[in-house]
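The following exercises concern a ligand, the space around it and some backbone features of a protein chain. Please study the sequence and the structure before reading each solution.

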Amino acid sequence: MRWIGWLLTLGMLLQCAPVMAGAQADYASDFSAGTDGWYARSTGSASVSVTAEGALAIAGRSADWHSMGRDFALARGESYRLSVQVRQSEAPEARMILSVAHSKYGLESYENIAFATAKRDQWTTLSGTYLAGDFDRFVLYVETLGAGTLAYEIRDFTLEGRTLSFGGDDLPLLKEAYANLFPFGTAVTYAEAVNPVRMAFYAEQFNLFTPGNELKPDSVLDVAASRTLAAQDDTLVAVRFDAARPLLDFASAQGIPVHGHTLVWHQQTPEAFFHEGYDPARPLVTRETMLARLENYIRAVMTWTEEHYPGLIVSWDVVNEAVADGQAALRPSNWLTVVGGDYVERAFEYARRWAPEGVKLYYNDYNTAYEPKQTGIVNLLTALQSQGTVDGYGFQMHHDIRQPGYAAIEKAFRRVSALGLRLRISELDVTVPDSTDASFDAQAVLYGQVMALAASFADQVDGVQVWGVTDDLSWRAAQYPLLFYADGRPKPAFYAVLEAAGRE
Ligand code: XIL
């Protein structure tokens, strides 16, 4: 039975993910001769055993993390596909998590890889991808969320490694192809930044980095410390940069400039930021308090980064995505509610006040190709321009091969460029509906068109940033939007981008 299940799983994986050339089944659980290296992770009396049906059961738990776990010798810089089935019979449903406990110098830390709700008596699949970071021990385990005493079973645990085949001596370099035009950059997340195999390749290909998440307010605003400060003065703001440091360290060691993303956004911003005492249960603060917090936040971020990494951050997205979809107006947000319609202008005013000399200040948004949002963006930029606080506009360009189509993209680009601002393509990716050659060729065409357009405006463009490197780590991984396959090989889009550099 189990073998049939395994073959089916493997067949399905191969069918759904043809870009997995070179992937191999590194491990498939087999409990026919015992617990197969799995043990109970527990400070209590949890224990594991093999069931009559050949699954692995855990019982006697007294905390969510009490779990069945197994050590795996994972390689830093490799990405792994994981899948396991779980079943429980004690509750109508239970939240289950596939996690990894990793340690370095004996210090253990944790990441959740996949979540699922297991209905009573139903085998439920947990699956996800894990990129092995800079650790020397990895324990994969299946735990619960809010069900610390639940007994459950697992079966069909599989782990597939993917050896990264980045680069090679004769692979052309994006940054060289664009050397005479503008820097060619990429977003980099924490997990990638701590991965030397990836970062060596990224430093070869790219000459501009931006943190994918780590300079957003939910990474930077230290809510607990701000709460403490608020006891004296509710306008004070505490910040921290732990998440951003690996990338900032790497970039500064390599001399690669960084674009900061992002100071003000309606998403990935703690709700507490907007409330009295930084306590979401208390009322929203007044406009005056919020403006003071906004300025203190911007000042703290600008001052800390410049002090610790002088000259490294060359530009900032001051405000991200303020214009609503389908309207030429600001979107609803806590910022709009608490501060009012001038919050974008105030943010730029403060950023201009605190930015080190020469640092360029950007407004960044998506769906620029769509009306009436495009007009809303142009109006906002025009107002900021008249106040002398904005330097540039960042076109996110999260596109798809089917929409909005190159003609609309070009029209939007030309319209915004006519304002005379600096321009960047800040988050380029192009999704496809499936992983067929035809889709990847269509993707290459659109990438090529967009890059030729940017190249034709090279005098006005400060940089292009793709929103990630390999498809598997993209925020839209299921739609293969980037220039490299999961295993590091270049896609047709990579060559189209290279070619576009010479087309102008
Ligand atoms: C995305 C990140 O890539 C994800 O990891 C995160 O979960 C959500 O945010 N527009 C932006 C980016 O400005 O910050 C977003 O990044 C993608 C859309």
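## Exercises on the ligand pocket and the backbone

**Exercise 1.** State which space in the protein the ligand takes, and describe that space.

*Solution.*
Step 1. In this predicted model, the ligand takes the space of the largest pocket.
Step 2. The volume of the largest pocket is about 890 Å³.
Step 3. Its lining consists of 43 residues, and those nearest the centre are Trp467, Leu473, Ser474, Trp475 and Arg476.
Step 4. Sorted by class, the lining of the largest pocket holds 17 nonpolar, 18 polar and eight charged residues.
Step 5. Several elements supply at least two lining residues each, among them the strands β8 (107–119) and β9 (124–131) and the helix α3 (190–193). The strands β12 (184–188), β18 (398–400) and β19 (422–431) do so as well.

**Exercise 2.** Identify the residues that surround the ligand and sort them by class.

*Solution.*
Step 1. A residue counts as near the ligand if one of its heavy atoms lies within 4 Å of it.
Step 2. The residues around the ligand are Asn213, Lys216, His261, Trp265, Gln268, Asn320, Glu321, Gln396, His398, Glu427, Trp467 and Trp475.
Step 3. This shell comprises three nonpolar, six polar and three charged residues.

**Exercise 3.** Find polar contacts of the ligand, and determine what share of its surface the protein buries.

*Solution.*
Step 1. A polar contact requires a pair of N or O atoms within 3.5 Å.
Step 2. The side chain of asparagine 213 has an N or O atom 2.9 Å from an oxygen atom of the ligand.
Step 3. For lysine 216, the distance from a side-chain N or O atom to a ligand oxygen is 2.7 Å.
Step 4. Histidine 261 places a polar side-chain atom 2.7 Å from an oxygen atom of the ligand.
Step 5. The ligand taken alone exposes 420 Å², of which the protein buries 77%.

**Exercise 4.** Locate two cis peptide bonds and a residue with positive phi.

*Solution.*
Step 1. The peptide bond from histidine 261 to threonine 262 is cis, and its omega is near 5°. Threonine 262 belongs to strand β14 (residues 258–264).
Step 2. Another cis peptide bond links glutamate 371 to proline 372, with omega about 5°. Proline 372 is part of the loop between β16 (360–365) and α11 (373–387).
Step 3. Tyrosine 105, a residue other than glycine, has a positive phi near 50°. Tyrosine 105 lies in the loop between β7 (93–104) and β8.

Key: Residues numbered from 1 in each chain as written. Predicted model: local features only at pLDDT ≥ 70, side-chain atom pairs only at ≥ 80, totals over all residues. Heavy atoms only, no water. Polar contact = N/O pair within 3.5 Å; in protein donor to acceptor, adjacent residues only side chain to side chain. Areas by Shrake-Rupley, 256 points an atom, 1.4 Å probe, with all protein chains shown as cover. 1 Å grid on protein atoms, 1.4 Å probe; cavity = no way out; pocket = protein on both sides within 12 Å on 5 of 7 lines; lining within 4 Å. Sits in = over half its atoms within 2 Å of the grid points. Nonpolar A, V, L, I, M, F, W, Y, C, P; charged D, E, K, R; others polar. Points joined across faces, edges and corners; volume = space filled by probe spheres on them. Helix = DSSP H or I, 4+ residues; strand = E, 2+ residues; numbered from the N terminus.
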